[in-house]
Every structure is written in C-alpha cells, then in structure tokens.
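Hi everyone, thanks for coming. Let me walk you through a structure that may be new to you.

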Amino acid sequence: EGVQPQEYTLIKMEVVQPFPLKMGPLEGKRVFLAAATLRPETMYGQTNAWVLPDGEYGAYEINETDVFIITERAALNLAYQDYSKIPQKPSCLVKLTGSDLIGLPLRSPLSVNEIIYALPMLTILTNKGTGIVTSVPSDAPDDYMALHDLRAKPALRAKYNVKDEWVPSDIVPIINIPEFGDKAAEKVCLDLKIKSQNDKDKLAEAKRLTYLKGFTEGTMLIGEFVGRKVQEIKPIIKAKLIESGEAIAYSE
Ligand code: A2H
C-alpha cells in the first residue's frame, strides 16, 4: 500500500431484487456492491461492475438498513471511518465469493444504463479499495480491456457462467479529450496494441496517458455539467453523490 493516502469514492451499486438463494439472509435489506473509484465524474459511463471470481467477499451491515458487499479488509477500514455506525467489528451477514456475484443486476448512480451486471475481472487486487470495481470502458483502459476479453472470448464467458446478455454491447462516450477523442481508453488501447487485460506494462502506460489528460484536458459530454472541464466538476460531482447518499468517501 502506498505512502500517500488514496481518497476514493465508494459508489453504492444497488443489487436489484429478488436476490439469489445464497443471499437469502439479506432479504429485506438494501444491498450494495460498493465500488472504489478515483473518477466519480465518469459514473455516467458505467456499463457493468467487476468482481474477482476467486475473491472472498462478505455482506457487511453498515447501518440499520444498508449492507455493503466488499472484502473483509475494506469492511474493517470502513468501520474506522465516519460512515459506519458499528465502530469495532462490522458484522458479516453472509460470506460470498466473486463467482456468487457474477450476473447480479445492479442499479448504479448517474449511470446512463439503468441496469448493469456484475462480471469477472481477473486483475482485481484484494488489498486495494473494496475489491469491487465499477466499469467505465470509455475512460478506463483496464475496464476497456477486460470487457474486450469477455466479448472476444466465448470460452472465458463459459468458464465464469457469464450470459451473453449481461455483457454490454455499447461503450458510452462521456468525456472528450482533444488528443484522444470521445472514447479515450479505447483509442489508447488500440494505439498501444494492447492484447488483453493481463498486458500489465502497456496498461500502466495507457492509464498514465488517459488519467493525466482526462483530468487536465477533459470536457464533459454528458450530464448536468456537459461542456465543463473535468478538473472543475470532479469535486462537485463527488460532493453531490455523497450528499445524496449514493456514495461515501473512503480513504486508505
Ligand atoms: B477507477 P489506484 Cl474511468 N483492483 O475508477 C484493481 N483496480 C481497482 C481496484 C482493485 N481492488 N479498486 C479500484 N480499482 C480501479 C474508474 C476509473 C478508474 C476510470 C479511469 C481510471 C481509473 C472506473 N473504473 O483508475 O491504484 C478503479 O478504477 C486508474 C488508476 O488506487 C479506481 O479508479 O490508483 C482505480 O483503479 C484506483 O487505482
């Protein structure tokens, strides 16, 4: 883990009822996959959530009504931060693996797509964030390549029991970067000839390029702040999501 604390926004992606059998103990609660992001202003372009198939997650009671599905490590960190009303040890209502989560339908704040699905990503780290990632393939090279892999490889879908209709067919353009156009991640992944989500070094370069330019030169193509600079509206969108109860601040 880094020396500098990382300021994430946890996006509350609500699991649409009815729950699968394994989540029976959560009946009657509001259950969320809580995704850690550094780019809250990109939430318009969410197309799916990512989970690690072999990852160990739990459904943790965060307050009287809300349950977060995250790693145990994240639940403990959260318990030390403002949001949780259970200061010491968050109670785990049910243990789940990433495979249990694949195919869950979700409703996520700001997303143009009303219902999106949880899908497998093999490069998720369980010692960072919550172990849940929201997917914005227009602007995140990791997301773009993981989606590319799922689309291109029927065997990968079969291995993780992914139904074709869960895999998004469209990428939503949300930010213009003069140098990279309206789908920066796609452009940079193609330019660098990145082959798959496992192409670590090239993906690091793609992330460096898009992250910097997106922040300094990006302009919103969608939403309340269309036409405005990413740099200016990022903190505003973050504050709004938190104020409306659709997200919480989280640092580690
Ligand atoms: B970002 P940093 Cl549009 N494992 O959110 C792997 N990746 C994870 C993760 C985990 N456990 N937890 C969070 N992340 C991803 C949006 C986004 C992100 C965009 C563009 C770039 C970008 C949509 N996905 O990140 O190592 C999350 O993806 C570029 C680095 O803490 C989170 O923000 O710096 C970012 O990585 C946090 O990475």
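**Around the ligand**

The shell around the ligand divides into eight nonpolar, seven polar and five charged residues. Here Ala, Val, Leu, Ile, Met, Phe, Trp, Tyr, Cys and Pro count as nonpolar, Asp, Glu, Lys and Arg as charged, and the others, Gly among them, as polar. A residue is near the ligand if its C-beta atom, placed from the backbone, lies within 6 Å of it. Of these 20 residues, Thr-37, Gly-129, Val-136, Asp-139 and Ala-140 come nearest. Strand S2 (30–37), strand S9 (133–135) and helix H6 (200–217) each give two or more residues to the shell, and S9 has the largest share, three. Helices (H or I, at least four residues) and strands (E, at least two) are DSSP runs, numbered from the N terminus.

Now, how far to trust this. It is a predicted model: local features need pLDDT of at least 70, side-chain atom pairs count only at pLDDT 80 or more, and totals for chains, interfaces and linings use all residues. Residues are numbered from 1 along each chain as its sequence is written. The protein averages a pLDDT (the predictor's confidence in each residue, from 0 to 100) of 95, and 96% of the residues score at least 70. The model's ipTM is 0.99 and its pTM 0.97.

Last stop, helix H5 (residues 184–191). Which of its residues are buried? They are Ala-184, Ala-185, Glu-186, Val-188 and Cys-189, where buried means 20 or more other C-beta atoms within 10 Å of a residue's own, exposed 12 or fewer, and partly exposed in between, with C-beta atoms placed from the backbone. Just after H5, Lys-193 takes a positive phi of about 55°.
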